[in-house]
Amino acid sequence: MKFFILDTNVLLHDPQALFKFEDNTIIIPITVIEEIDRFKKDMNETGRNARSISRVLDMLREKGSLSSGVSLPGGGLLRVELCEEQALNRMPKDLRDDKGDNRILAVAQVTHERFPDETVIFVTKDTNLRIKADAIGLVAEDYESDKVDIQELYAGARTIDMGSDSIDRFYGQGWLEAPEGLLPNEYATLVDTGNPSHTALCRFDAATGKVVPVRKVPKEGVWSIHARNREQQFALDALVDDNIKLVSLVGKAGTGKTLMAIAAGLQKVAEENVYNRLLVSRPVFPMGKDLGFLPGDIEEKLTPWMQPIFDNVELLISGHESEKRHSNKGYKELMAMGLLDIEPLTYIRGRSIPNQYLIVDEAQNLTPHEIKTIVTRAGEGTKIILTGDPYQIDNPYVDSSSNGLSYLVERFKNERISAHVTLTRGERSELAELAANLL
């Protein structure tokens, strides 16, 4: 049996963390309960998680005294521990200050001394606190139940070598028996082993067990947008396929993630009338020092955060209408017509979103729990697009491995209604591509 001492940030990150340590003993220092109490009135995700963990602990309290220990549904034991003053005094001199982190460490240290023959692990998402724990001889770990290895993140596409006859047959009949190992809606480049320039682009259709051609972009493009590379061809194929209800696009800045997603959304909403409305949203996280309070009504407050979306929509509208020789219309006209809506993710909880094309930009700044909240809002007929770069994260509580976008990519890779594409080639400009690679 192992003993796990949980830090406050673990429970605020995942209120269900108590049930993910199998049949071991979980110890929650009383200081953690006090710190959770400070967040319970917040109206953000942290506040909701604080209230959730309080309810969970209160329900467990009905089983008995938390100080004596109560059994957990999946096995194991939960106990709330007080931090005695003498325990804090036995800490190294630099860690005796009456701070929350030090009191939590003191409980972990006492547990380690009380059970010298057992494995005692202090679990925290605070990097510096893990370093402190290690300095006093404790085993410290990050909470990783929802982490994925970013280096092995599902790419969504692969290259497959095969004979010339197979590729010719693929072009002739429009399909090919799928090679083993392909995941649903995974894209592939078929390469002739004898002539590397003889290739074919395809997607694995799990329903038929065959690889089928990637659909060609019409001559007029998708809302006047044309793919500039193979990865963008894969992305546009997924974005305009109405049978694929969830699409995730991962790539560095300038690869066209947001632009293609909005173009496909406008095509489906304004041209083909497949969806009632294009809804674009993004988390509100500043890059660098926050400017603080913004004056004005809600629309004026949101403008700085949503300006990248407005810029993309205006660019698409101007290019599309120029090609079709229409009078110039901006994004405000589309919003007035009810075809386009742009709002922050703050207000999405509790909503049901039917028959809409929903784009969530900068999704790498979301936690796995927030991603779940968003995707579960999807009503009948809704398609969700998540875009982001796991290496450009502004949220201090997630990283490239623990963010919600990476988590979703791994969780949905085996599902027939989802597709994922990783974009690596920047197309914004030569300067932007150099900056993304060099800086």
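Two strands pair if DSSP finds at least two bridges between them. Keep that in mind for this tour, which goes through a predicted model.

**Stop 1: two partners in a sheet**

Select strand 13, residues 277-282, together with strand 14. These two run parallel and pair over five bridges. Now pick out S281 and look across to strand 14: the residue standing opposite is E343.

**Stop 2: the whole sheet**

Zoom out a little. Strands 13 and 14 belong to an open sheet of six strands, with the order 14-13-15-16-12-17 and parallel pairing. Where does the sheet end on each side? Its edge strands are strand 14 (340-344) and strand 17 (418-423), each of which pairs on one side only. If you look along the sheet, neighbouring strands are turned by 15° against each other on average, ignoring direction.

Next, add the helices that lie against it. Show helix 8, residues 230-240, which packs on the sheet and touches strand 12 (246-251), strand 15 (356-360), strand 16 (383-388) and strand 17. The direction of helix 8 makes about 155° with that of strand 17. Then show helix 13, residues 404-412, which also packs on the sheet. Helix 13 touches strand 12, strand 16 and strand 17, and its direction makes about 130° with that of strand 12.

**Stop 3: inside helix 8**

Stay with helix 8 and turn on its side chains. Is helix 8 largely enclosed or open? Nine of its eleven residues are buried, so helix 8 is largely enclosed by the rest of the structure. Click through the buried ones, among them F234, L236, L239 and V240. The charged residues E231 and D237 are on the buried list too.

Now go to the N-terminal end of helix 8, where N229 acts as a cap. One of its side-chain oxygens lies 3.1 Å from the backbone nitrogen of E231.

**Stop 4: strand 16**

Select strand 16 alone. Six of its six residues are buried, so strand 16 is largely enclosed by the rest of the structure. In a regular strand the side chains alternate between the two faces of the sheet. Check that here: K383, I385 and T387 point one way, while I384, L386 and G388 point the other way.

Bring the partners of strand 16 back. On one side, strand 12 runs parallel to strand 16 and is joined to it by five bridges; find L249 there, opposite T387. Strand 15 also pairs with strand 16 in the parallel sense, over four bridges. In strand 15, L358 stands opposite I384.

**Stop 5: strand 9 and its hairpin**

Move to strand 9 (187-192). Six of its six residues are buried, so you will find this strand mostly covered. Both faces are covered: Y187, T189 and V191 sit on one side, with A188, L190 and D192 on the other.

Which strands pair with strand 9? Strand 7, residues 157-162, pairs with it in the parallel sense over six bridges, and D161 stands opposite V191. Strand 10 runs antiparallel to strand 9, and five bridges join the two. Here L190 stands opposite A200. Strands 9 and 10 form a hairpin with six residues between them.

**Stop 6: H198 in the loop**

Select H198, in the loop between strand 9 and strand 10 (199-205). Is H198 buried or exposed? Its relative accessibility is 18%, and buried means under 20%, so H198 counts as buried. Its side chain makes a polar contact of 3.3 Å with that of D168. Leaving out residues up to four places away in sequence, H198 touches several others, including S164, Y171 and L190.

**Stop 7: E180, for contrast**

Now try E180, in the loop between strand 8 (176-177) and strand 9. At 80% relative accessibility, E180 counts as exposed. Show G209 as well: E180 and G209 are 29 residues apart in sequence, and their C-alpha atoms are 9.9 Å apart in space.

**Stop 8: cysteines and confidence**

Look for disulfides and you will find zero. Two cysteines to click on are C83, buried with a relative accessible area of 10%, and C202, buried at 0%.

Finally, colour the chain by pLDDT. Its mean is 88, and 92% of the residues reach 70 or more. Residues 286-291 have pLDDT below 50, and this stretch has four contacts in the model beyond near neighbours in sequence.

Note on methods: Residues numbered from 1 in each chain as written. Heavy atoms only, no water. Axes fitted to C-alpha atoms, helices over the stretch in contact; angles between N-to-C directions. Contact = heavy atoms within 4.5 Å. pLDDT = per-residue confidence, 0-100. Buried < 20%, exposed > 50% of the residue type's maximum accessible area, 1.4 Å probe, protein only. Polar contact = N/O pair within 3.5 Å; in protein donor to acceptor, adjacent residues only side chain to side chain. Disulfide = S-S within 2.5 Å.
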